[in-house]
Amino acid sequence: MQEKGRLVVISGFSGAGKGTLMQALLEQHKGEYALSVSATTRQPRPGEKEGISYFFVSDEKFDEMIKEDAFVEYARYVNHSYGTPRAYVEENLSLGKNVILEIEIQGALKVREKYPDAILVFVTTEDANTLHDRLAGRGTEAEDVIAARLARAVEEAEGIEEYDYLVVNDTIQRACDLLHTLITNVREGHQEENHAYRVSAHMDLIQKIRKELKEYSKGE
Ligand code: 5GP
């Protein structure tokens with residue numbers, strides 16, 4: 001029988017470059033990973049495609065999916081709902097693929113409850129400045145949305161200890177290689193080799209980013 005894949009939760013501040021990192025991981029390890037596509041009630045950004053970036057749904061449709069128990073988890077994030085469709089996740093896990101969920105912290109914690117062997121990874125930049133610049137540089141978000149997302153980042157930063165590993169996205173290639181190594185080690189039962197990347201080994205960096213994010217959200 002095919003060995004079941006692992007569920008991998010990737011969270012990180014808005015602007016941390018998770019999307020690009022996921023693309024690299026999928027391209028470089030074809031067949032090993034499946035990326036779950038979430039449903040959301042927010043509007044598509046320019047360039048986002050239905051069924052690839054998200055399934056863009058109405059509030060009514062989202063509520064219907066909740067009633068049908070069609071989500072592994074769902075959560076609210078800055079005025080919109082986001083949820084992970086169950087069918088794709090279960091199908092791909094049973095095919096032996098590692099299924100990646102790129103979701104925020106409330107969802108991550110629900111996944112941890114339902115799938116205790118899920119791997120939870122938090123992705124960050126080295127400092128809060130880089131986050132702000134990336135968010136602003138995207139050019140798709142108004143200043144008030146950027147501010148709301150940075151404020152949300154302050155809250156999310158409080159929960160980093162709930163995650164297993166911290167990946168600093170300094171260069172995509174390094175972060176991608178590290179992520180693949182961490183997941184492979186867990187799958188092969190060599191967790192001890194991941195020790196240096198456990199969240200608990202990086203509390204200094206986490207405290208620094210928390211402080212910087214708080215300063216940002218005060219409007220500096
Ligand atoms: P964005 O609007 O920037 O695409 O996503 C906003 C936040 O929602 C990000 O932190 C993203 O990871 C998270 N997110 C996307 N899909 C889901 C989902 O299905 N469930 C949860 N809980 N969060 C999600």
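1. Let's start with the walls of the largest pocket: its lining splits into 12 nonpolar, 12 polar and 11 charged residues. Bear in mind while you look around that this is a predicted model.

2. How much space lies in the largest pocket? About 1,100 Å³. Its lining counts 35 residues, and if you want to find the middle, look for G19, R45, E48, Y54 and E102, which lie nearest the centre.

3. As for where that lining comes from, two or more residues each are given by α1 (18-28), β5, β6, β7 (98-102) and α6 (143-157). The top contributor is α1, which gives 7 residues to the lining.

4. Now for the ligand. The space it takes up is the largest pocket. Two strands, β5 (71-77) and β6 (80-85), are the elements that give two or more residues to the shell around the ligand.

5. Which residues come nearest to the ligand? Of the 16 around it, those are S38, R42, Y54, Y82 and E104. The shell divides into 5 nonpolar, 4 polar and 7 charged residues. Y54 is worth a second look: besides being among the residues nearest the ligand, Y54 is one of those nearest the centre of the largest pocket.

6. A few polar contacts are easy to check on screen. The side chain of Y54 has an N or O atom 2.5 Å from an oxygen atom of the ligand. With E104, again through an N or O atom of the side chain, the partner is a nitrogen atom of the ligand, at 2.6 Å. T84 uses its backbone instead: an N or O atom there is 3.3 Å from a ligand oxygen. On its own the ligand would expose 510 Å², and the protein buries 95% of that.

7. Don't skip the second largest pocket, which holds about 250 Å³ of space. Its lining is made of 15 residues, with R42, H80, E141, V145 and R149 nearest the centre. You have met R42 already, as one of the residues that come nearest to the ligand.

8. Which elements supply at least two residues each to the lining of that second pocket? They are β6 and α6, and α6 has the largest share, with 4 residues. Both elements also give two or more residues to the lining of the largest pocket. By type, the lining of the second largest pocket comes out as 6 nonpolar, 4 polar and 5 charged residues.

Note on methods:
Residues numbered from 1 in each chain as written. Predicted model: local features only at pLDDT ≥ 70, side-chain atom pairs only at ≥ 80, totals over all residues. Heavy atoms only, no water. Near = heavy atom within 4 Å. Polar contact = N/O pair within 3.5 Å; in protein donor to acceptor, adjacent residues only side chain to side chain. Areas by Shrake-Rupley, 256 points an atom, 1.4 Å probe, with all protein chains shown as cover. 1 Å grid on protein atoms, 1.4 Å probe; cavity = no way out; pocket = protein on both sides within 12 Å on 5 of 7 lines; lining within 4 Å. Sits in = over half its atoms within 2 Å of the grid points. Nonpolar A, V, L, I, M, F, W, Y, C, P; charged D, E, K, R; others polar. Points joined across faces, edges and corners; volume = space filled by probe spheres on them.
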